[in-house]
Amino acid sequence: MLSKNARLWLGLIAIVSLLSLASSCGRKVDEDGGNGGEPAGKAYTAKGNEGTISGVVSYMGTAPENKKIDTAADAACTSKSPNLMTEEWAGKDGKVANTYVYIKEGTLSDNSKVSGYSGWPNMPTSATLDQNGCHYKPHVLGVVVNEPISITNSDPTTHNIHFTPKNNPDWNQSQPNGAAALTHKLARAEILVPVKCNQHPWMKSYVAVSKHPFFAVTAEDGSYTIKGVPPGKYTVVAWHEGGANGTEKTMEVTVPASGAAKADFSFGAAALGQPSSLQMLPAIEFPMAIKH
Ligand SMILES: [Cu+2]
C-alpha cells in the first residue's frame, strides 16, 4: 500500500505531466509556420519558368490631403521632425504608396494550390522596422511567418512598440534612446497587424505576415513587382489602410510560363464604379481554427 504522502506525490506528478503535455501542444501551434495546426504542406521547387505580377496603384479623383501631426507632446520629436505628416495617402502624381499587394490564393499550372505549399524558394529572412523621426520606416511592411523583424530606435527619445494582432500574441516593448535593436517574429499569417507606439499616439505602421513570399509594397510612384511566381491563375489583392480594417481590391490574373501579368488597382471614391474595383472586402482574415 502506498502511504498517503506517496499518493499525493503521484497525483502531483500526474498533474504536472498533463500540464507540460498541454503546453507543448500549444507551442506546436506557434511553430507550425502559421498553418493553424494543419499538417505542413510540401515545398515548391523552382522550375525556372516562374514569372512576375506587377502593376501600379492609383487614386481615382483627388486623394485626401495628409495632415500635419502635432508632436508637441514630445520636444525630441518636434525638433527632429518639425513637419511630420500623416502617411495614409502618401505617393506622387495621383499614385498610391504604402499599399500591400499580395497573392491571396491561386492555382499553379499543375493544379496545385498556393495554400498547399509550406515552403518556397527565396523566402525573405530578415526585415527592419525603424523608429526614426517619431514615425515608422517603413509605414507598411511585409514579412513571412517567423521572419525576424529587427526593431530599431534611431531617435533621441523612448518609444514603446506595440503589435496589436488578432491572430498572434500581443507584443508590447519599451525601447529607450540608444537601446539595442529588438527582434520580433510572428508565427501565424495575418493581413495586416496594426503597430502603434504607446508613447506617441500618432505613430502607426502595418505589418503583413504571409506564408509565402508573393507580396510587395507599392513605392512612391505606386508601382510594385512580385517576382518568382509559378505559372498559374491567381487572386491578387491590394490592401490599403483606412477605416477599421483597411480596404481591399481584388483582381484575377494569369501568369504565363516565364511571363508577366499586370494588375493595376485604384482606390478612392471615383474608383468604385470601375469593374476591377467593385469588391470592398474586410482586410482582416478570420483567425484560423486551432486544431491539435
Ligand atoms: Cu514613439
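Start by selecting Ser 258, which sits in the loop between strand E17 (247–255) and strand E18 (260–262). Keep in mind as you click around that this is a predicted model. Check the backbone here: Ser 258 has a positive phi of about 55°, although this residue is not a glycine. Now switch on a surface. Ser 258 has a relative accessible area of 54%, and the cut-off for exposed is over 50%, so this serine counts as exposed.

Next, jump to Asn 122, in the loop between strand E4 (117–119) and E5. What is the sign of phi at Asn 122? Positive, at about 60°, and again the residue is not a glycine. Buried or exposed, then, for Asn 122? With a relative accessible area of 73%, against a cut-off of over 50%, Asn 122 is exposed.

Stay with E5 and follow the chain out of that strand. Strand E5 covers 127–131, and the loop between it and strand E6 (136–137) holds Cys 134. Show the side chain and look for its partner: a disulfide joins Cys 134 to Cys 77, with 1.9 Å from S to S. That is the 1 disulfide the structure holds. Select Cys 77 as well, and you land in helix H2 (residues 75–80). The two cysteines are 57 residues apart, so the link ties together distant parts of the chain. Measure the torsion about the S-S bond if you like: at -75°, the link of Cys 77 and Cys 134 is left-handed. Turn the surface back on and you'll find both Cys 77 and Cys 134 buried.

From the disulfide, move along to Pro 138, in the loop between E6 and strand E7 (140–144). Which way round is the peptide bond from Lys 137 to Pro 138, cis or trans? Cis, with omega near 0°.

There is another cis bond to visit. Select Ile 191 and Leu 192: the peptide bond from Ile 191 to Leu 192 is cis, with omega near -15°. Here the setting is a strand, as Leu 192 lies in E12 (residues 190–197).

Last stop: Cys 197. Colour by accessibility and compare the value with the cut-off. Cys 197 has a relative accessible area of 4%, and buried means under 20%, so this cysteine is buried.

How values were computed. Residues are numbered from 1 along each chain as its sequence is written. This is a predicted model: local features need pLDDT of at least 70, side-chain atom pairs count only at pLDDT 80 or more; totals for chains, interfaces and linings use all residues. Side-chain values use heavy atoms; hydrogens and water are left out. A disulfide is a pair of cysteine sulfur atoms within 2.5 Å. Helices (H or I, at least four residues) and strands (E, at least two) are DSSP runs, numbered from the N terminus. Buried means under 20% relative accessible area, exposed over 50%, partly exposed in between (1.4 Å probe, protein chains only).
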